[in-house]
Amino acid sequence: MSQRHTLEETARVQHQIVTRAQLLAAGFADNHMCRQAKRGIWQRVLPATYALVTGTLTDEQRLIAAALYAGPDAQVTGLAALIWYGFRQGPRTPDVHLVVPHHARRRSTGHVVITRALTLDARARRTRLYPVCSPARAVVDAARCLRQIRPVRAIVTEAIQREFTDLNSLDEEIRRARRSSTALVRRAFAEVVAGARSAPEAELRQCLGASRVLPAIHWNPQLRTTDGGVLPTPDGYLDDAAVALEVDSREFHFSPDDWARTMRRHNELGRHGILVLHFTPAQIRGEPEQVRRTVEDAYRSRRGLGASVGVVVSPAR
């Protein structure tokens, strides 16, 4: 097989992204590479990394180029890895974050963000062209690069809710990272451990936690009638006032086909004398003071009614 034919096969497998070393091995000189790039026939994507096509590169081509530039030991991590896994809630980014061995000489450049680590991810998933850090490692690495709690909370809750990873694996990665830029991910992890099922629910907890009027709220409690019947579980419940709190988010709790069933569930709570208050993620985020006042007003107006509705609270599930 000729060197040029070998290059064609390599380029096909690598989505038309090749390295300088691969081009040299196929008999192309550096001055030829430069001419091809200047003429717009090829693209110099990164140092010593070329695209043998014109036009805007796909996300996969940018990822392959980053991995080829960073070297065979590099692992894709952070937001780029979360996008690769199919996370929906993380911020979108054109950058590709890779972790490399501590002794590696590669530096961040272009759309490539390089982080050195004493230990790579032993649970990384191998693909034909690059390894991708495990979801737990990728979540922690992504969180360490973010500066606000909301996106961190979103990726942590999605990781657990959609079963990309589990609490033990995430806890191990947080402990591995120690105190290096992990305050936000530790906070979000603690919320999930406490029972928050989604980022909006965690934000509702934070919103109502600032109230000087409300007593302790039962989150995700098991409700039963006094004769032992099981009732639907609301996101939050004020037992003294028989007020249930629900975050109405199709993204986090429902599929469109579940909507009618969800409404019947809420009606079942109402049938037993429970007032159900509904809040959307947009309301919780954009109008937290109004949300808090609404819950406080409902609590004041119904305080003491909880004993008369015949509903008791079991420990949170």
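**Helices, sheets and core of a predicted model**

Colleague: Why is helix α5 (residues 78-85) described as largely enclosed by the rest of the structure?

Modeller: Of the 8 residues of helix α5, 6 are buried, so the rest of the structure largely encloses this helix. The model is a predicted one.

Colleague: Which residues of α5 are the buried ones, and what does the term require?

Modeller: A residue is called buried when its relative accessible area is under 20%. Gly78, Leu79, Ala80, Ala81, Leu82 and Tyr85 are the residues of α5 that meet this condition. Their cover includes the strands β4 (75-77), β5 (96-101), β7 (125-126) and β8 (131-132), together with the helices α6 (135-145) and α7 (149-161). Just after α5, Gly86 has a positive phi of about 100°.

Colleague: What makes a set of residues the largest nonpolar core here, and how many residues has it?

Modeller: Such a core consists of buried nonpolar residues joined through side-chain atoms within 4.5 Å. The largest one contains 47 residues, and Val76, Leu82, Leu98, Val139, Ile155, Val156 and Leu170 have the most contacts inside it. At least two residues each come from α4, α5, β5, β6 (112-117), α6, α7, α8 (167-177) and α9 (183-193). The greatest contribution is that of α4, with 7 residues. Leu82 thus appears both among the buried residues of α5 and among the core residues with the most contacts.

Colleague: How do you know which strands stand at the edges of the sheet ordered β1-β3-β2?

Modeller: This is an open sheet of 3 strands with antiparallel pairing. β1 (17-19) and β2 (43-46) each have a single partner strand, so one side of each lacks a neighbour in the sheet, and both stand at the edges. From one strand to the next the twist averages 35°.

Colleague: On what grounds are β1 and strand β3 (residues 49-51) called paired?

Modeller: Pairing requires at least two bridges, and β1 and β3 have 3, in the antiparallel sense. Val18 stands opposite Tyr50 of β3. Helix α4 (residues 59-70) lies across β1, β2 and β3, and runs at about 10° to β1.

Colleague: What does Val45 touch, leaving aside residues up to four places away in sequence?

Modeller: Val45 belongs to strand β2. Its contacts are Tyr50, Ala51, Leu57, Ala65 and His111. Between Val45 and Ala66 the C-alpha to C-alpha distance is 8.9 Å, with 21 residues separating them in sequence.

Colleague: Is helix α10 (residues 199-209) called roughly parallel or roughly perpendicular to helix α14 (residues 288-302), and why?

Modeller: The two axes come within 9 Å and cross at roughly 70°. Angles of 65 to 115 degrees count as roughly perpendicular, so α10 is roughly perpendicular to α14. In this contact Leu204, Cys207 and Leu208 of α10 meet Pro288, Val291, Arg292 and Val295 of α14. By class, the contact has 6 nonpolar residues, no polar ones and 1 charged residue.

Colleague: What makes β11 (230-231) and β15 (311-314) edge strands?

Modeller: Each of them pairs on one side only. They belong to an open sheet of 3 strands in the order β11-β10-β15, with antiparallel pairing. Strand β10 (residues 222-225) is joined to β11 by 2 bridges, which satisfies the requirement of at least two. The bridge partner of Leu223 in β11 is Leu231.

Definitions and conventions
Residues are numbered from 1 along each chain as its sequence is written. This is a predicted model: local features need pLDDT of at least 70, side-chain atom pairs count only at pLDDT 80 or more; totals for chains, interfaces and linings use all residues. Side-chain values use heavy atoms; hydrogens and water are left out. Helices (H or I, at least four residues) and strands (E, at least two) are DSSP runs, numbered from the N terminus. Axes are lines fitted to C-alpha atoms, for helices over the stretch in contact, and angles run from 0 to 180 degrees between N-to-C directions. Contact means heavy atoms within 4.5 Å. Buried means under 20% relative accessible area, exposed over 50%, partly exposed in between (1.4 Å probe, protein chains only). Angles under 35 degrees count as roughly parallel, over 145 as roughly antiparallel, 65 to 115 as roughly perpendicular and the rest as oblique. Ala, Val, Leu, Ile, Met, Phe, Trp, Tyr, Cys and Pro count as nonpolar, Asp, Glu, Lys and Arg as charged, and the others, Gly among them, as polar.
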